[in-house]
Amino acid sequence: MKSYQIAVVDDDAQIRKIVKAYLDKEGYRTVMLSSAEAAWELWKEDPPDMWILDIMLPGMSGFDLCRQIRKEAEVPIIMISARDEEVDRILGIELGGDDYLTKPFSPRELVARVNRLFHRLSSIRQAQENSASQAVHTAIEVGDLRLVLEERRVFWREEEVEMTLKEFKLLQTLSEQPNRSFTRDELLTLIWGDNYFGYDRAIDDLVKRLRRKIKQLPVDTVWGHGYRLRTERTGQ
């Protein structure tokens with residue numbers, strides 16, 4: 001019996017009922033919500049292991065909720081929508097969604113995608129645990145920046161800074177080859193993988209988030225190309 005909890009956010013009561021029946025049968029614990037505002041309250045009180053978000057919601061949209069969640073964590077997110085627009089699918093992925101389904105969809109397909117995402121998450125966690133058990137605690141230091149790789153921790157001037165998984169991966173990539181200019185396409189492949197589709201604005205968004213968290217981070221924009229991390233120390 002699986003112990004994962006899944007939050008389903010959709011203002012259509014019939015869809016919530018059907019999805020709940022299939023997920024419950026699969027052994028998942030489910031929470032049904034009709035608005036993004038209620039979902040955000042759940043996130044603050046008892047965050048689920050996965051979100052299934054409808055894009056078109058009353059009040060805050062599913063896109064907005066996805067953006068809010070991604071600022072906090074890398075929990076799996078499946079987005080669903082009645083609109084079969086390519087721009088919606090691309091935007092959903094760029095905002096951090098892991099998968100996208102168009103209504104009407106097969107509940108069996110939804111369950112298959114849920115299972116696949118949890119299987120991937122379990123594999124990643126197992127790999128992290130195996131790596132941690134070997135505990136070499138290698139670190140990368142670039143000026144005032146220090147990354148402890150096995151612990152996935154970031155320190156700026158000896159103060160720890162919280163990072164999401166993709167923020168950490170971008171910072172690690174730039175730090176491993178300081179002063180090298182990476183193209184946006186290179187960074188997309190290194191962070192999201194070869195199967196990523198979408199615009200390179202996803203990298204720009206990640207860089208903005210890093211700059212907000214570390215105000216004096218020496219990440220340069222290489223105009224018309226991409227980004228690089230300088231080795232020069234910043235001013236005090």
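The exercises below work through a predicted model of one protein chain.

Residues are numbered from 1 along each chain as its sequence is written. In this predicted model, local features need pLDDT of at least 70 and side-chain atom pairs count only at pLDDT 80 or more, while totals for chains, interfaces and linings use all residues; side-chain values use heavy atoms, leaving out hydrogens and water.

**Exercise 1. The chain as a whole**

State how many helices and strands the protein chain has, and what share of its residues is buried.

Solution. Step one: the protein chain has eight helices and twelve strands. Helices (H or I, at least four residues) and strands (E, at least two) are DSSP runs, numbered from the N terminus. Step two: of the 236 residues, 45% are buried. Buried means under 20% relative accessible area, exposed over 50%, and partly exposed in between (1.4 Å probe, protein chains only). Step three: take the contacts between residues at least 6 apart in sequence; 57% of these join residues at least 24 apart. Contact means heavy atoms within 4.5 Å.

**Exercise 2. An aromatic pair**

Classify the ring pair of Tyr 4 and Phe 118, and place both residues in the chain.

Solution. Step one: the structure holds three aromatic pairs. Rings of Phe, Tyr and Trp (its six-membered ring) pair if their centres lie within 6.5 Å; planes under 30 degrees apart count as stacked, over 60 as edge-to-face and the rest as tilted. Step two: the ring centres of Tyr 4 and Phe 118 are 3.8 Å apart and the planes are at 5°, so this pair is stacked. Step three: Tyr 4 is in the segment before strand 1 (5-9) and Phe 118 is in helix 5 (residues 107-134), so the pair links distant parts of the chain, 114 residues apart. Step four: Phe 118 has a relative accessible area of 3% and is buried. Step five: ring pairs join Tyr 4, Tyr 28 and Phe 118 into a cluster.

**Exercise 3. Helix 6 and two other helices**

Describe how helix 6 crosses helix 7 and helix 8.

Solution. Step one: the axes of helix 6 (residues 165-176) and helix 7 (residues 184-192) come within 10 Å and cross at roughly 125°. Axes are lines fitted to C-alpha atoms, for helices over the stretch in contact, and angles run from 0 to 180 degrees between N-to-C directions. Step two: helix 6 and helix 7 are therefore oblique to each other. Angles under 35 degrees count as roughly parallel, over 145 as roughly antiparallel, 65 to 115 as roughly perpendicular and the rest as oblique. Step three: residues of helix 6, including Leu 170 and Leu 174, meet residues of helix 7, including Leu 187 and Trp 192. Step four: the axes of helix 6 and helix 8 also come within 10 Å, crossing at roughly 90°. That makes helix 6 roughly perpendicular to helix 8. Step five: among the residues that meet there are Leu 170 and Leu 171 in helix 6, and Leu 206 and Leu 210 in helix 8.

**Exercise 4. Two buried residues**

Locate Thr 164 and Asp 204, and list residues that they touch.

Solution. Step one: Thr 164 is in the loop between strand 9 (159-161) and helix 6. At 4% relative accessibility, Thr 164 is buried. Step two: not counting residues up to four places away in sequence, Thr 164 touches residues including Arg 70, Glu 72, Arg 152 and Arg 209. Step three: Asp 204 lies in helix 8 (residues 201-213), and its relative accessibility of 16% counts as buried. Step four: with the same exclusion of residues up to four places away in sequence, Asp 204 touches Arg 184 and Tyr 227.
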